[in-house]
Amino acid sequence: LGDLSGLNAVIIGRSNIVGKPMAQLLLGESCTVTIAHSRTRDLPAVCRAADILVAAVGRPEMVRGDPLRLRQGLLKLLSNAIKFTARGRVTLGVEVDAESTAAAPRLSLVVSDTGMGIPADRHAELFQPFNRLGWESSSIKGNGIGLLVTRKLIEAMGGTIGFESTA
């Protein structure tokens, strides 16, 4: 994930799918982790002070897929965002889709970062196996298979994965 030692991470929510795994991941990277919730005193100020901010949803049965596979996919997307964002922010958000209903909620998990972006002429290569988009000789570790595996996991659970980027 790169050197995260000493960064201040705030996780809003304690869900088993996002909140707790992210807390464990960030603690393992020597971050200072604060888990907050809706009644945390001065939550906006707590969030502004964070170097890493994670918003986690924890409603039972919200996710109808395999929680372990979803967790793996989210961690892969977040770790890539962190690896390729030398300065700035990485955020995980949850949005309710327009077609969502109370009986059939549909959420979008959105990972966004202020990293370098991907040039438009390389977008089609992102989910190709063993393609690191020109980063093969960099000090950033990886083999170029993680995003393809993540896409396959998400699609196997009936979901979709995509991206937007400006470079």
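# A tour from the core outward

Start at the largest nonpolar core, which has 18 residues. Select M22, L26, I52 and V54, the residues with the most contacts inside this core. Now colour the elements that feed the core: β1 (8–12), α1 (19–28), β3 (52–55), α3 (67–83) and β4 (90–96) each supply at least two of its residues. The largest share, five residues, comes from α3. In soluble globular proteins, nonpolar side chains tend to be buried together. Keep in mind throughout that this is a predicted model.

**The whole chain**

Zoom out and show the cartoon. The protein chain has four helices and five strands. Followed from the N terminus, the elements run β-α-β-α-β-α-β-β-α. Of the 167 residues in the chain, 29% are buried. Turn on the surface: the accessible area of the protein chain is about 10200 Å², and 53% of that area belongs to carbon and sulfur atoms. Take the contacts between residues at least 6 apart in sequence: 61% of them join residues at least 24 apart.

**Helix α1**

Select α1 next. Which residues of α1 are buried? They are G19, P21, M22, A23 and L26. Show what lies over these buried residues: the cover includes β1, β2 (32–36), β3 and α3.

Stay on L26 and display its surroundings. Leaving out residues up to four places away in sequence, L26 touches L4, A9, I11, C31, V33 and I52. Two residues in that list, V33 and I52, are stops further on.

**The turn after α1**

Move just past the end of α1 to S30, which is in the loop between α1 and β2. The phi of S30 is positive, about 65°, although S30 is not a glycine. Most residues other than glycine have a negative phi, and most peptide bonds are trans. Is S30 buried, partly exposed or exposed? With a relative accessible area of 46%, S30 is partly exposed.

A second residue of this kind is D42, in the loop between β2 and α2 (43–48). D42 is not a glycine either, and its phi is positive at about 50°.

**Strand β2: V33**

Go back to V33, in strand β2. V33 counts as partly exposed because its relative accessibility is 21%, and buried means under 20%. Apart from its neighbours within four places in sequence, V33 is in contact with A9, I11, A23, L26 and L27. Draw a distance between the C-alpha atoms of V33 and I11: they are 22 residues apart along the chain, and the separation is 7.4 Å.

**Strand β3 and its partners**

Select β3 and show its side chains. Which residues are on the covered face of β3? I52 and V54 form the covered face, while L53 and A55 form the uncovered one. In a regular strand the side chains alternate between the two faces of the sheet.

Now add the strands that pair with β3. β1 and β3 run parallel, with four bridges between them; here I12 stands opposite A55. β3 and β4 also pair in the parallel sense, over two bridges. Across this pairing, L53 stands opposite T91, and V54 has L92 as its bridge partner.

Continue from β4 to β5 (107–113). The pairing of β4 with β5 is antiparallel and has seven bridges. To find it in the viewer, select V96 and its bridge partner in β5, L107.

**Helix α3**

Select α3, which has 17 residues. From its first C-alpha to its last, α3 reaches 24 Å, close to the 24 Å expected at 1.5 Å a residue. The buried residues of α3 are L70, G73, L74, L78, S79, N80, A81 and I82. An α-helix has 3.6 residues a turn, so residues three or four places apart point the same way. What do the buried residues of α3 pack against? They pack against α1, β4, β5 and α4 (146–156).

**Last stop: E125**

Finish in the loop between β5 and α4, where E125 is placed. Show its side chain together with that of R122: the two make a polar contact at 2.9 Å. Leaving out residues up to four places away in sequence, E125 touches N131 and L133.

Methods: Residues numbered from 1 in each chain as written. Predicted model: local features only at pLDDT ≥ 70, side-chain atom pairs only at ≥ 80, totals over all residues. Heavy atoms only, no water. Core = buried A, V, L, I, M, F, W, Y, C linked by side-chain atoms within 4.5 Å. Buried < 20%, exposed > 50% of the residue type's maximum accessible area, 1.4 Å probe, protein only. Contact = heavy atoms within 4.5 Å. Expected span 1.5 Å × (residues − 1). Areas by Shrake-Rupley, 256 points an atom, 1.4 Å probe, with all protein chains shown as cover. Polar contact = N/O pair within 3.5 Å; in protein donor to acceptor, adjacent residues only side chain to side chain. Pairing = 2+ DSSP bridges.
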